[in-house]
Amino acid sequence: MPDVDVIVVGAGNAALAAAVSAREQGAGRVVVLEKAPRALRGGNTHYSGGLLRFAYDRPEDLLPLVPDAEREVPGFPAGVEPYPQAAFWRDLRRVTEGRTDPELAEILIGRSFDTVRWMARQGIAMEPAVSLSGVRVGNTVKWSPGAIIRARHEGVGLSAMWFKVAEARGVDVRYDTRAVRLLQDGRARVTGVVVQDADGFRELTARAVVLGCGGFEANPEWRARYLGRPWDHAKVRGTRYNTGDGLRMAIEIGALPHGQWTGCHSTPIDADAPPHGDRTLTDKTNRLSYPFGVLVNARGRRFVDEGEDFQFYTYAKLGGIILSQPGGVAFQIFDAKVAGLLEARYKTGSPIVADSLKALVDRLPVERAAGLAALEAYNRAVEPGGFDPTVKDGLATRGLDLPKSNWAQRLDTPPFVAYPVTGGITFTFGGVRIDDRARVISTSWAPIPGLYACGEMVGGLFHGNYPGGTGLMSGAVFGRLAGASAAGE
Ligand SMILES: Cc1cc2nc3c(=O)[nH]c(=O)nc-3n(C[C@H](O)[C@H](O)[C@H](O)COP(=O)(O)OP(=O)(O)OC[C@H]3O[C@@H](n4cnc5c(N)ncnc54)[C@H](O)[C@@H]3O)c2cc1C
């Protein structure tokens, strides 16, 4: 007789969705192992913006999820466009350059709406993500399709709500308890884990084990090993506890690696951000209004098309591009015309301010002549036209080797501001292969009996880039699935 029915390793969104789902599907004794102490619990989920990308056919479909929306955003859901499954598919395929695993993507996209409704039924309250996704135009708010709803009070709220729901369902959460390795019987069935807690090492047995313990973004040695330079220097945007433990444990018993092991999600963050996520600042070090400005590196050169696409489709690769610049830093430069469009989180930063572009460049640690020349060349290349932040407005530069394809306005209205940024790592893309029941597949291409995985540990969905709001959605979809499958063992 095993000690418990289901062991869930990790205590983020994916793991707690799995634990709650396992209870719902009849597992009697469900234990969650959290390596972190209680004060630092909840993984990356706590630090997240809580944004959820999911498919829906009609804007009105969102209303049951956010019954208070009208009070928070008068007129909601005006300004919302439909986001059918085909649109989610297009976005995921486009940003991953067609490399997303189609079977996993089908599960993610096909079950996204049903899973958000399931989360709401469990007690996860939601709100319109106005500060992340909404752009106010006159009296209406225009929304980025598909990524409109977030957990109430963002990741802090999401994490707290999941713990509350799990505890109310009788899930036993054990803090300061690290899963060390998986136990197997003579038939290769996973029968539990070796854990380390205050009393040392001991075995905990179960009918099934769900791994939901994150990627390896907080492990500099693994970053160097799989991502290469300059990732060993990256600041970690979230938890310090995602060090690849679950991936190591699974691969040690023959799990099949899957997806892009050289890839990760990384974003432009304040150059002065702390080395690991701050529990209070959470995702507020992000600097994502760059489509409305110009980016230069320490050599004074532009190095990216700032207006390639909306931020939700470029931000997750821009961190790495910045980290690869000299010194791993860059400067986001804006003029007063777009000051009102900068996300509220810019208020947590300390911009360099000046009344002319020359004075601004003089104050930046960049090669001055080159920096000023780059900004002046940019200004000369801007074409006349109508600026519209709610659509890809086609307002592009002309004649530059490196264009800015949308939202290109001249930098001509003082004061000018520059925000120093670096690239922060969010999570890693490489993981293990799972099947349509979230069973972990072995290098013999057969499921490893009794072992499931979910969340960041699942490889194959993301390559090179990522559409904003998909990490939590993936965690919830595959967590729910893994928990239900584990309960059936
Ligand atoms: C700053 C920031 C903002 C983000 N914003 C968004 C957003 O708005 N929308 C979105 O979709 N995604 C967002 N993400 C990404 C999202 O947070 C992650 O994709 C998601 O939280 C991953 O969930 P998870 O459950 O797989 O892992 P996590 O939430 O990271 O949980 C992993 C858990 O495993 C535990 N653990 C690790 N090793 C062990 C071990 N050996 N034994 C026991 N426990 C262990 C950890 O302590 C932790 O509790 C953001 C991430 C960050 C860092």
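The legends below describe close-up views of a predicted model.

**View 1. The two domains of the predicted model and the contact between them.**
An automatic or database domain assignment divides the protein into domain 1, made of residues 4-216 and 429-487, and domain 2, made of residues 266-424. The C-alpha centres of domain 1 and domain 2 are 32 Å apart. In the contact between the domains, domain 1 takes part with 19 residues and domain 2 with 13 residues. On the side of domain 1 that touches domain 2, at least two residues each come from α4 (85-95), β5 (134-137) and α7. Helix α7 gives the largest share of that side, three residues. Sorted by class, the side of domain 1 that touches domain 2 holds eight nonpolar, eight polar and three charged residues.

**View 2. The shell of residues around the ligand.**
The ligand is surrounded by 44 residues, and the closest are G12, G43, G238, G455 and G471. Both domain 1 (4-216 + 429-487) and domain 2 (266-424) give residues to this shell, so the ligand shell lies between the two domains. Elements that each supply at least two residues of the shell are the helices α1 (13-24), α2 (43-47) and α13 (470-487) and the strands β9 (178-184) and β18 (416-428). Helix α13 provides the largest share of the shell, five residues. The class make-up of the shell is 14 nonpolar, 23 polar and seven charged residues.

**View 3. Packing of helix α1 against helix α7.**
The axes of α1 and α7 (residues 154-168) come within 10 Å and cross at roughly 20 degrees. Angles under 35 degrees count as roughly parallel, and α1 and α7 are therefore roughly parallel to each other. Their crossing is left-handed. From α1, the residues N13, L16, A19 and V20 meet L158, W162, F163, V165 and A166 of α7. This contact of α1 with α7 has eight nonpolar residues, one polar residue and no charged residues. Helix α1 also supplies at least two residues of the shell around the ligand, while α7 supplies at least two residues of the side of domain 1 that touches domain 2.

**View 4. Packing of helix α5 against helix α13.**
Helix α5 (residues 102-122) and α13 have axes that come within 9 Å and cross at roughly 85 degrees. An angle from 65 to 115 degrees counts as roughly perpendicular, and the crossing therefore makes α5 roughly perpendicular to α13. On the α5 side, the contact is made by I107, L108, R111, S112, T115, W118 and M119, and on the α13 side by M473, S474, A476, V477 and R480. By class, the residues of the contact of α5 with α13 are seven nonpolar, three polar and two charged. Helix α13 is also the source of five residues of the shell around the ligand.

**View 5. Packing of helix α4 against helix α5, and the loop between them.**
The axes of α4 and α5 come within 10 Å and cross at roughly 140 degrees. The crossing of α4 with α5 is right-handed. Residues Q85, F88, W89 and L92 of α4 make the contact with A105, I109, G110 and S112 of α5. Five of the residues in the contact of α4 with α5 are nonpolar and three are polar, with no charged residues. S112 of α5 is also listed in the contact of α5 with α13. The loop between α4 and α5 contains E97. E97 is not a glycine, yet E97 has a positive phi of about 55 degrees.

**View 6. Two cis peptide bonds that precede prolines.**
The peptide bond from R229 to P230 is cis, with omega near 0 degrees. P230 sits in the loop between α8 (220-227) and β12 (235-236). The peptide bond from P414 to P415 is likewise cis, with omega near 0 degrees. P415 belongs to the loop between α12 (368-381) and β18. Strand β18 (416-428), at one end of the loop that holds P415, supplies at least two residues of the shell around the ligand.

Methods:
Residues are numbered from 1 along each chain as its sequence is written. This is a predicted model: local features need pLDDT of at least 70, side-chain atom pairs count only at pLDDT 80 or more; totals for chains, interfaces and linings use all residues. A residue is near a molecule or strand if its C-beta atom, placed from the backbone, lies within 6 Å of it. Helices (H or I, at least four residues) and strands (E, at least two) are DSSP runs, numbered from the N terminus. Ala, Val, Leu, Ile, Met, Phe, Trp, Tyr, Cys and Pro count as nonpolar, Asp, Glu, Lys and Arg as charged, and the others, Gly among them, as polar. Axes are lines fitted to C-alpha atoms, for helices over the stretch in contact, and angles run from 0 to 180 degrees between N-to-C directions. Angles under 35 degrees count as roughly parallel, over 145 as roughly antiparallel, 65 to 115 as roughly perpendicular and the rest as oblique. A crossing is left-handed if the near helix is turned anticlockwise from the far one by less than a right angle, and right-handed if clockwise. Two residues are in contact if their C-beta atoms, placed from the backbone, lie within 7 Å.
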